[in-house]
Amino acid sequence: MDLFFQKIRHATLVVRESTPNFTSTCNMKNLHTLLVEGAFKSSVLQVSPNLFRHLTCLRALDLSNNQLIEELPKEVEKLIHLRYLDLSGCRSLRELPETICDLSNLQTLNIRECSSLQKLPQAMGKLINLRHLENGFVHNLKGLPKGIGRLSSLRTLDVFIVSSHGNDECQIGDLRNLNNLRGRLSIQGLDEVRDAGEAEKAELKNRVHLQHLVLKFDREEGTKGVAEALQPHPNLKSLGIYGYGDREWPNWMMGSSLAQLKKLHLTSCVRCPCLPPLGQLSVLEDLGILRMPSVKYIGSEFLGSSSTVFPKLKRLYIDSLAELKQWEIKEKEERLIMPCLNDLTMLACPKLEGLPDHVLQRTPLQKLYILGSLIMERRYRQDIGEDWHKIFHISEVIC
């Protein structure tokens, strides 16, 4: 029987007891891949130290969604060949042992949705072959160890947290050496960056492989210089800006430098009184504007100066502009405006008196949702609203 176990290279262990028996698994001494599926709810799954002492040939270990795992044994250091470790969805996992940093062959560490995890081991900089650190939705994580900034092979980093806790954790300049980052990146804690020169060290404008970027501030004033220094590369496809606290937008938002941008969400930019000239973004398809209480008027500044305004925009979502009273499109010259608009959603704009006739009647609008805006709900009410005739041709209306 032992010989049989030693021939096994890939195994799935389905745990159906509160105290699982890993004995048979420990006999699989040449195992390369192990997936542990937890199928119980009543007790805490203790990962046996013996499991790691015996399975020293493991290349991949998947413990994901075992929500009752509270800790990994320090014996994880025995898995010297491990390249892939998936702990995602282990919501009770409180910490990772420092010995995990001795896994010099580790290429992927997935801790997404480990919501009880508050910090990472200080020696993370020793993981010189780490390529993917998947750390999204780890909401209790307040900082990243300084050594992460030395992981030059890193390609995936869901969230970079700018820390306020001194020299042991990453600052914005520690992004500088992460030249191979690609895909998605969310930068949190940007209000901790007081120096625009430090922000420039992140060199975001050189991140040619980043496709999706989120910049998270905390509504503090005095961050325009920092935002200016965080100009993304023109190849960026998706951008979200949250909690930007200044009245003026950074200059790179005022032109057409983001020529490849397809999706843009501006959320909780609480002091900006007007919107940037987003109509100049030639391939923008999806635009969301949310929780911006200082915006009282939307006019020509929103459209920009392009000959065709919002030429590719398909979806426009405006939510919780509590002080917005008027949205106008006044065009003396004839130019195309939103020629592809299909879906317009207006939520919680209680003071807005109406929508531009151009948007309602001169775009190919198919879906119109108006909710939480009593003035407009009365104005566009089916059959009896004074402007119902302007929207009755739209195939799907919720008002």
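This is a short walk through one protein chain, from its overall make-up to a few individual residues.

What we are looking at is a predicted model, so let me begin with how confident the predictor is in it. The average pLDDT over the protein chain is 90, and 89% of the residues score at least 70. There is a stretch to treat with care, however, namely residues 39-44, where pLDDT stays under 50, although the model still has 15 contacts there beyond four places in sequence. Where pLDDT is low, the predicted coordinates should not be read in detail.

Turning to the chain as a whole, it contains 8 helices and 21 strands, and of its 399 residues 49% are buried. If we take the contacts between residues at least 6 apart in sequence, 63% of them join residues at least 24 apart. The accessible surface comes to about 18,400 Å², and carbon and sulfur atoms account for 45% of that.

Let me now go to the end of the chain, and to strand β20, which covers residues 367-371. Its side chains alternate, with Leu368 and Ile370 buried on one face, while Lys367, Tyr369 and Leu371 point to the other face and are not buried. On one side of the pairing we have strand β19, residues 343-347, which is parallel to β20 over 5 bridges, and within that pairing Met346 has Ile370 as its bridge partner. Strand β20 also runs parallel to strand β21, residues 396-398, with 3 bridges joining the two, and here Tyr369 is partnered with Ile398. To get from β20 to β21 the chain passes through helix α8, residues 374-379, in a β-α-β crossover that is right-handed.

Next, two loops much earlier in the sequence. Ile69 sits in the loop between β3 and β4, and because its relative accessibility is 0%, we count Ile69 as buried. Its C-alpha is 9.9 Å from that of Gly89, a residue 20 places away in sequence. Ser88, for its part, belongs to the loop between β4 and β5, and at 14% relative accessibility Ser88 is buried as well, since the limit is 20%. Leaving aside residues up to four places away in sequence, Ser88 touches Ser64, Asn65, Asn110, Ile111, Arg112 and Cys114.

Two further loop residues deserve a comment on their backbone. Most residues other than glycine have a negative phi. Arg219, which is not a glycine, nevertheless has a positive phi of about 70°, and it is found in the loop between β10 and α5. Ser268 is also not a glycine and has a positive phi of about 55°, this time in the loop between β12 and β13. As for their surroundings, Arg219 is partly exposed, with a relative accessible area of 43%, whereas Ser268, at 6%, is buried.

Finally, the cysteines. How many disulfides does the count come to? The count is 0, and Cys274 lets us see the reasoning in one case: the closest cysteine sulfur to its own belongs to Cys272 and lies 7.4 Å away, which is too far for a bond, because a disulfide needs the two sulfur atoms within 2.5 Å. Cys274 is partly exposed, with a relative accessible area of 33%, and Cys399 is partly exposed too, at 35%.

Notes
Residues are numbered from 1 along each chain as its sequence is written. This is a predicted model: local features need pLDDT of at least 70, side-chain atom pairs count only at pLDDT 80 or more; totals for chains, interfaces and linings use all residues. Side-chain values use heavy atoms; hydrogens and water are left out. Helices (H or I, at least four residues) and strands (E, at least two) are DSSP runs, numbered from the N terminus. Buried means under 20% relative accessible area, exposed over 50%, partly exposed in between (1.4 Å probe, protein chains only). Contact means heavy atoms within 4.5 Å. Accessible areas come from the Shrake-Rupley method with a 1.4 Å probe; for residues, only the protein chains shown count as cover. Two strands pair if DSSP finds at least two bridges between them. A crossover is right-handed if, with the strands pointing away from the viewer, the path from the first strand over the helix to the second runs clockwise. pLDDT is the predictor's confidence in each residue, from 0 to 100.
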